[in-house]
Each structure stands twice: as structure tokens, then as C-alpha cells.
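Colleague: I have a model open and want to talk it through. Can you take my questions one at a time?
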Number of protein chains: 2
Amino acid sequence: MQSLRDVISRIAGGEITPEAALALSAACIADSEPQIQAFASRPDALVPGIGPLAGIACGVKDIIDTADLPTQMGSSIYEGWRPRADAPIVMALKAAGATVAGKTHTTAFAFLDPAPTHNPHDLTASPGGSSAGSAAAVAAGMIPLALGTQTGGSVIRPAAYCGVAAIKPSYALLPMVGVKPFSWSLDTLGLMAAGADDVGLALAAITGRPELDATAASLSGLRIGIHEQAYAGAAEPASAAALRRFEQLAAAAGATLVPHDGSAALAEAFQSHGPLQDYEATQALAWEYAVHRDALPPKLRAYLDGARATTPRQYDEARRLSRRGRDAARGFFAEVDVVVSYAAPGEAPETLESTGDSRFNRLWTLLGVPCMTVPLMRGPRGLPATVQIIGGFGADDHVIAVAKGLEKLVAAGA
Amino acid sequence: MQSLRDVISRIAGGEITPEAALALSAACIADSEPQIQAFASRPDALVPGIGPLAGIACGVKDIIDTADLPTQMGSSIYEGWRPRADAPIVMALKAAGATVAGKTHTTAFAFLDPAPTHNPHDLTASPGGSSAGSAAAVAAGMIPLALGTQTGGSVIRPAAYCGVAAIKPSYALLPMVGVKPFSWSLDTLGLMAAGADDVGLALAAITGRPELDATAASLSGLRIGIHEQAYAGAAEPASAAALRRFEQLAAAAGATLVPHDGSAALAEAFQSHGPLQDYEATQALAWEYAVHRDALPPKLRAYLDGARATTPRQYDEARRLSRRGRDAARGFFAEVDVVVSYAAPGEAPETLESTGDSRFNRLWTLLGVPCMTVPLMRGPRGLPATVQIIGGFGADDHVIAVAKGLEKLVAAGA
């Protein structure tokens with residue numbers, strides 16, 4: 001993979017120019033794209049900007065508006081569609097000097113019907129979704145940075161399956177304007193890169209919040225809650241092993257590990273993700289459903305067929321439970337430094353017909369709290385298996401610092 | 001004005017057809033539009049839908065996406081712009097049977113540079129803004145229903161200036177997808193109609209929440225907080241007289257009126273509206289500012305020139321204060337049945353160069369609580385002067401019921 005920090009350092013040291021860094025990305029894309037199919041569209045040339053991310057080629061999920069490239073939502077309904085304006089997150093990327101390397105494949109409207117993308121670790125395995133192209137492009141070493149979005153688990157899950165680092169920041173840390181909504185109470189932009197250090201650097205540059213380029217935290221002395229999300233079902237052996245591996249690394253580094261179950265309010269909040277998303281998705285895609293139902297892919301069409309039965313009363317109850325969950329989360333996160341849980345049920349599914357399962361991601365998206373994953377180990381099928389580090393609302397810098405600390409332990413093979 | 005309830009009743013009673021009701025609106029538009037200039041674009045023909053609002057011609061503010069009419073944001077930057085999809089709120093209108101009568105003039109990007117619209121009560125006076133065309137079209141009797149949006153006071157203020165009823169519902173009651181954002185923490189869709197009864201009927205039909213078509217509340221026995229918003233400055237004599245007139249009507253009807261100042265947290269929340277909006281607007285309009293700054297109208301351009309200096313730290317502090325304000329608001333609204341305050345500083349400004357002042361509206365937009373205004377009286381210049389009724393978050397049905405009760409008192413000339 002291309003490390004963003006490494007590219008930036010080499011540019012700063014005069015080793016390469018931003019143009020050369022972009023040319024390298026372009027060459028890697030040309031090399032790997034035929035196999036991986038990460039991109040829905042690409043510009044004719046990659047021209048560097050000015051700023052801390054000059055020379056960085058960034059993939060932009062194809063539900064994010066761009067003025068000079070199509071934005072096709074992974075759907076024939078938007079074939080060739082050109083928004084008028086760049087989304088604010090794209091403007092922020094450009095203002096930081098980054099270059100849009102292309103629009104990355106998304107599942108249609110960021111739901112569950114697979115994108116055409118392959119997992120670079122196994123071309124017959126799912127890259128996950130919905131931010132499939134973003135995760136695969138980073139994993140394949142085509143680009144050092146990519147944007148994804150998460151409504152259930154659409155950033156953390158493909159990152160885990162493809163073995164890249166990613167952050168789903170606190171809700172609304174990154175502006176959702178110009179990003180096709182699926183469920184506005186849940187939709188959250190995130191970043192993917194080779195490692196946690198790269199993610200922190202990029203997030204700091206894009207947001208103008210230098211504290212997000214956090215120094216790696218030592219895990220020594222940290223109190224880490226191990227949260228197995230029993231309410232979401234059991235993990236597969238690969239993810240269970242990853243959590244045990246994390247525990248070994250963290251314990252050896254001097255962290256205190258505590259089982260951290262959480263109150264019933266969190267389990268109820270987890271359950272409320274469904275009706276909350278159902279009601280909002282029905283509205284968010286009202287035009288597509290009413291006018292182009294036949295052009296919707298089968299999983300999304302069947303989902304909307306059912307979701308539209310959700311009543312305002314069920315939605316209000318889901319909102320009430322999600323508010324209670326957010327209240328409960330304050331206590332939950334106050335008792336420990338961070339929480340660690342499964343990033344996905346297991347390794348990437350051995351099929352291109354499924355994007356996997358977001359059940360270990362949904363609660364955190366609903367709570368709006370920062371989640372981060374870093375590549376940790378390989379599972380029995382040789383595919384990446386990992387955990388996610390989760391913090392309280394607004395503690396993005398802290399989560400990044402801990403993820404960087406974990407990354408150092410992994411690199412040291414501790 | 002055309003009463004929506006009246007049109008619906010006459011259609012239900014077989015007195016007129018939906019086609020005839022729309023033809024009446026079309027005739028009124030043809031008659032008044034040359035003077036009022038409420039519409040930015042209109043369809044060739046008005047065709048009725050099927051549902052409770054069949055036969056109702058509705059104006060749609062021109063920052064709201066429509067697939068079959070341009071969406072021009074009041075700006076040359078979006079001249080002729082055609083979104084791909086209808087916004088969910090437009091789909092909800094159509095699903096309820098209403099017909100889009102046209103896109104109504106908005107100030108550019110819903111800021112302060114005046115729209116070309118005139119106030120039907122005095123063609124040399126401001127209709128207010130930013131939802132100028134919507135308020136004026138309803139006030140001039142052209143249409144029985146219109147959509148507006150409010151970030152500061154852009155629904156309640158033009159409604160007050162034009163003498164129509166309006167609701168700014170609880171934050172996110174109506175879906176903001178496909179509505180051009182200015183400040184996503186604040187932006188709220190609202191409705192305008194001839195009276196509170198019409199507003200309640202329409203809001204219930206659009207949301208599928210029958211309780212919003214609330215029965216008029218008797219003011220007898222209600223405990224009503226009179227809130228003068230001293231932190232926002234003094235009202236002009238016209239609005240002060242309207243508040244006194246409200247007090248007379250309510251007291252005569254048997255309500256208990258109590259001065260209701262609110263805690264310092266509310267005043268601080270009021271102050272936080274500025275930096276919150278500044279930071280978000282800078283991002284929401286990042287593309288327009290970076291690529292088309294010269295095409296922005298002068299007030300918006302100058303505003304963005306200054307707003308971009310807002311730091312993440314200032315924004316975070318504003319968000320903290322707004323959260324504190326929302327916490328404080330729960331107690332504030334729990335002590336009374338509703339709160340009543342000025343809807344605007346006074347009568348509509350005697351100029352087409354200003355859209356007036358939102359200082360009595362901003363706090364409620366920030367708190368996300370429902371506000372409603374109904375025509376109450378005339379000021380010294382013969383223009384409408386009124387108050388707004390404000391309730392706790394989610395108490396939209398209650399606010400509508402009280403507004404309808406007030407409307408009955410006004411109609412009775414009590």
C-alpha cells in the first residue's frame with residue numbers, strides 16, 4: 001500500500017515532486033484497475049494542488065458530488081449524472097492540496113447490492129460495501145487516501161475486509177452536504193488509508209483540526225473495555241481470534257482490559273437502527289423508488305418495498321431509543337479510555353454476491369461515536385481480520401492516538 | 001387568500017373539481033404575478049394528483065430540488081439548473097395529491113440579498129426573506145400552500161411581513177434531503193398557508209401524522225409564557241403592540257400569562273447561532289465561493305468573506321452552547337403550555353433593499369423547536385403585525401392547536 005505519510009515526507013524532503021507522486025498513483029491504477037475495478041470514473045490527468053496533501057491522489061466514493069466527474073450512485077438511474085457543484089468534502093480535500101484520482105465504485109445508493117469491485121487479497125472474495133472501490137483502491141496500493149460513507153458499516157467493514165485503516169469519525173465532523181443521503185440521522189463520511197497514522201494526518205489536514213494528527217498513545221496504563229456486542233450475535237472464528245490477538249498485544253503493552261457489556265439501553269439503541277434507517281431511506285429515495293423502481297437493484301428494491309411500511313410512530317420510537325442510547329453512551333465511554341470490539345463478523349465473504357454484514361458497526365454509527373480500524377492479522381483463509389477501536393462522541397483524536405499505538409505494536413510484531 | 005381547508009371542503013362536497021381548483025390558482029397567478037413576482041419558474045400546466053391535497057397548488061421555494069422544473073437557488077450560478085430528482089418533500093407533497101404550482105423566488109442561497117418579490121400589502125415594502133416568493137404568493141391569494149425554509153427566520157419572518165400563517169416545525173420533522181443547505185444544524189423546512197387550520201391540515205397530510213391536523217385548543221386555562229427576548233434587542237412599536245394585543249385576547253379567553261425570561265443558557269444559545277451558521281455556511285457554499293465568488297450577490301459575498309474566519313474551536317464552542325441551550329429549553333418549555341414572542345421586529349421594512357431582521361427567530365431555529373405565526377392585526381403603516389407561538393421540541397401538534405385557538409379569537413374579533 002502507499003503510505004500517505006510516507007508520500008508527504010518524500011515530497012517534503014525533495015525526494016519526489018507532487019507530480020511524480022500522482023504519476024505513481026496513476027501508474028498503479030493503470031496496473032491494478034483491470035483486476036480490481038475500483039473506479040467508476042476517472043479524470044484525464046492528475047494535477048497536484050497546493051497544501052499539506054499536495055501529491056496525494058484520493059478516491060471519492062461515487063455518491064459524493066463532483067462538478068467535473070460524473071456522480072452515478074452505483075445506479076443506472078444516475079448514469080452520466082453531473083452535479084453542478086463539488087460537495088464540501090471534495091472542496092476540503094482540494095483546499096488541502098489533494099487531487100481527486102477518480103470516483104470509486106459504490107453499491108447502488110450505498111446499500112447491499114454488490115459493486116463490481118474485487119477484494120485485492122482474493123479476487124473471488126467480497127471487498128465489502130458500500131464503500132467497496134475506496135477500500136479496494138487503497139488496499140491495492142493504487143491510491144494513498146479514499147473517502148467512504150457509513151450508514152450501517154460501510155466504511156469500517158470494507159476497510160476490515162480489505163485490510164486498510166479507516167476512521168468513521170464522530171457524526172457530522174465531516175460535512176454531508178452534497179453526499180447522496182440514505183438515512184440522514186446515520187450517514188457519516190469517513191476516510192481510508194494504509195495506516196492509522198496516515199488517516200490521522202489526512203483527517204487533520206481536511207478539517208483544519210491539527211489535534212487529529214495525534215501522537216500515538218502508549219497502551220500502557222490504558223483501561224480498555226472489551227465489548228463483544230452479544231446483542232448483535234456471535235462473531236466468526238476469524239474475528240474472535242482478532243479480538244484475542246488484540247487482547248494479547250494490549251495486555252503485553254500494559255493495558256488493563258475489562259469486559260464492558262454496556263446497559264440494556266445500548267442493546268435497544270442497536271435495535272432501533274433498523275426502523276430509523278427504514279423510515280429515512282424511504283424518504284431519501286422517494287423519487288428513485290416512485291419513478292425508477294424497476295431500475296433499482298434487487299436487494300435495494302426489496303428493502304424499500306418493506307421499509308415503506310415503517311410508520312411515523314415506529315420512527316419516533318426509534319429516535320427516542322437512539323437518544324436514550326446516546327445518553328447511555330456517555331457513561332459507557334466515561335468508564336474506560338476506549339472500547340474495542342469486532343470490526344466485522346469475520347473475514348470477507350467468499351463470494352462477490354454479498355458485501356458482508358454490518359451488525360457489529362450499526363450501533364456506533366447510530367451513536368455517532370468515532371470508530372477506527374487498523375490491519376491487525378490474517379484469518380484462516382488468509383484474508384485480513386481485525387478489530388475496531390471506539391471512543392466517546394468527539395474523542396476522535398483519542399481514538400486515532402490509540403489506533404496509532406496499536407499499529408506500532410502490530411508493526412513491532414509484539 | 002385561498003384557504004386550503006376551504007378548497008379541500010369544496011372539492012369534497014362536489015362544489016368544484018380538483019382541476020377547477022387548480023385552474024383558479026392558475027388564474028390568480030396570471031393575474032397577480034406581474035405585480036408580485038413570486039415565481040422563478042412555473043410548469044406549463046397544473047395537473048391534479050390523488051390524495052388529501054388533490055387540487056391544491058403549492059409553491060416550492062427555489063432552493064428545493066425538482067426534477068421537472070429548474071432549481072436556481074436565486075443565483076445566476078444555478079441558472080437553468082435541473083436536478084435529477086425531486087426532493088423528498090416534493091415527493092411527499094405529490095404523494096399527498098398536491099400539485100407544484102411553481103418554484104418560488106428565494107433570496108440567493110436563502111441569505112439576505114433581496115429576491116425580486118414584492119409584498120402584496122404594499123408593493124414598495126419587503127416581503128421578507130428568504131422564502132419571499134412563497135409568503136407573497138400565499139398572501140396574494142395565488143396559491144393555498146407554499147414551502148419555505150428557515151435557517152435564521154426565513155419562514156416565520158416573511159409570513160409575518162406578508163400576513164400569512166406559517167409553521168417552522170421541529171428540526172428534521174420534514175426531510176431536508178434535496179434542499180440546498182446553508183447551515184445543516186439549523187436549516188428547517190416549513191409551510192405557509194392562509195391560516196393555522198390550513199397549515200395543520202397540510203402538515204398532517206404531508207407527514208402522514210394525523211395528529212398534526214389538531215383540533216383548535218381553547219386558550220382558557222392555558223399557562224402561556226410571554227418571552228420578550230431581551231437578549232435580541234427591543235421590538236418596534238408594531239410588534240410590541242401585537243404582543244399586547246395577543247395578551248389581551250388570551251387573557252380575555254381565560255389564559256394565564258406569565259413573564260417567562262428563560263435562563264442565561266438560552267441567551268448564550270442565541271449568541272451561538274452566529275458562529276454555528278458561519279462555520280457551516282462556509283463549508284456548505286465552499287464550491288460557490290471558491291469557483292464563483294464574483295457571481296455571488298454583495299451581502300452574501302461579504303458575509304462569506306467574514307464567515308470563513310470562524311475556527312473549528314469557535315464552532316465547537318457554538319455547538320456546545322447550542323446543546324446547553326437545548327437542554328435548558330426542556331425546562332423552559334415544561335413550565336408553560338406554550339411560549340409567545342415577537343415573530344419579527346415590526347412591520348415589513350419600507351424598502352425592497354432589505355429583507356428585514358431574523359433576531360427574534362434565530363434562537364428557536366437553533367433550538368429546533370416548533371414555531372407558528374398567524375395573522376393577528378395591522379401595524380401603524382397598515383402592514384401585518386403578529387406574534388409567534390413556540391413549543392417544546394416535538395410538540396408541533398400542540399403549537400398548531402394553540403395557533404388555531406388564537407386564530408379563532410382573532411376571527412371572532414374578541
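Modeller: Start with residues 48-399 of chain A: the end C-alpha atoms lie 30 Å apart, and the span is 35% helix and 14% strand. Helices (H or I, at least four residues) and strands (E, at least two) are DSSP runs, numbered from the N terminus.

Colleague: What does UniProt list for residues 48-399 of chain A?

Modeller: An unreviewed UniProt entry lists them as "domain: Amidase". UniProt positions are given in the numbering used here, feature names are shortened, and annotations may be inferred rather than shown by experiment.

Colleague: Any ground rules before we go on?

Modeller: This is a predicted model, where local features need pLDDT of at least 70, side-chain atom pairs count only at pLDDT 80 or more, and totals for chains, interfaces and linings use all residues. Residues are numbered from 1 along each chain as its sequence is written, chains are lettered from A and ligands numbered from 1 in the order written, and side-chain values use heavy atoms, without hydrogens and water.

Colleague: What turn lays chain B on chain A?

Modeller: A turn of 180 degrees, with a shift of 0.0 Å along the axis and an RMSD of 0.0 Å. The two copies are thus related as by a two-fold rotation axis. In chain B, P83(B) has the C-alpha nearest that axis, at 3.9 Å. The superposition is by least squares on the C-alpha atoms of residues with pLDDT of at least 70 in both copies.

Colleague: How many residues does each chain bring to the contact?

Modeller: Chain B gives 33 residues and chain A gives 33 residues. Contact here means heavy atoms within 4.5 Å. Of the interface residues of chain B, 100% are also interface residues in chain A, so the copies meet through the same surface.

Colleague: And how much area do chain B and chain A bury between them?

Modeller: About 2,600 Å², 62% of it on carbon and sulfur atoms. R84(B), R209(B) and W287(B) lose the most area on the chain B side, together 25% of what that side buries. Buried area is the accessible area (1.4 Å probe) that two parts lose on being put together, summed over both.

Colleague: How many salt bridges are there between chain B and chain A?

Modeller: Two. In one salt bridge, the side chains of D316(B) and R209(A) meet at 2.6 Å, N to O. A salt bridge puts a side-chain nitrogen of Lys or Arg within 4 Å of a carboxyl oxygen of Asp or Glu.

Colleague: Which elements of chain B touch chain A?

Modeller: Those giving two or more residues are α3 (88-95), α8 (264-284), α9 (286-292) and α11 (312-334) of chain B.

Colleague: Away from the interface, which salt bridge does K404(A) make?

Modeller: K404(A) pairs with D213(A) at 3.9 Å, N to O. This pair links distant parts of the chain, 191 residues apart: D213(A) is in the loop between α6 (196-207) and β7 (223-226), and K404(A) is in helix α13 (residues 396-411).

Colleague: Changing topic. Is the peptide bond from G129(A) to S130(A) cis or trans?

Modeller: Cis, with omega near 5 degrees. S130(A) lies in the loop between β3 (99-104) and α4 (132-139) of chain A. In chain B, a cis peptide bond joins G129(B) and S130(B), with omega about 5 degrees.

Colleague: What is phi of M73(B) near?

Modeller: Near 60 degrees, a positive value in a residue other than glycine. M73(B) is in the loop between β2 (57-61) and α3 of chain B.
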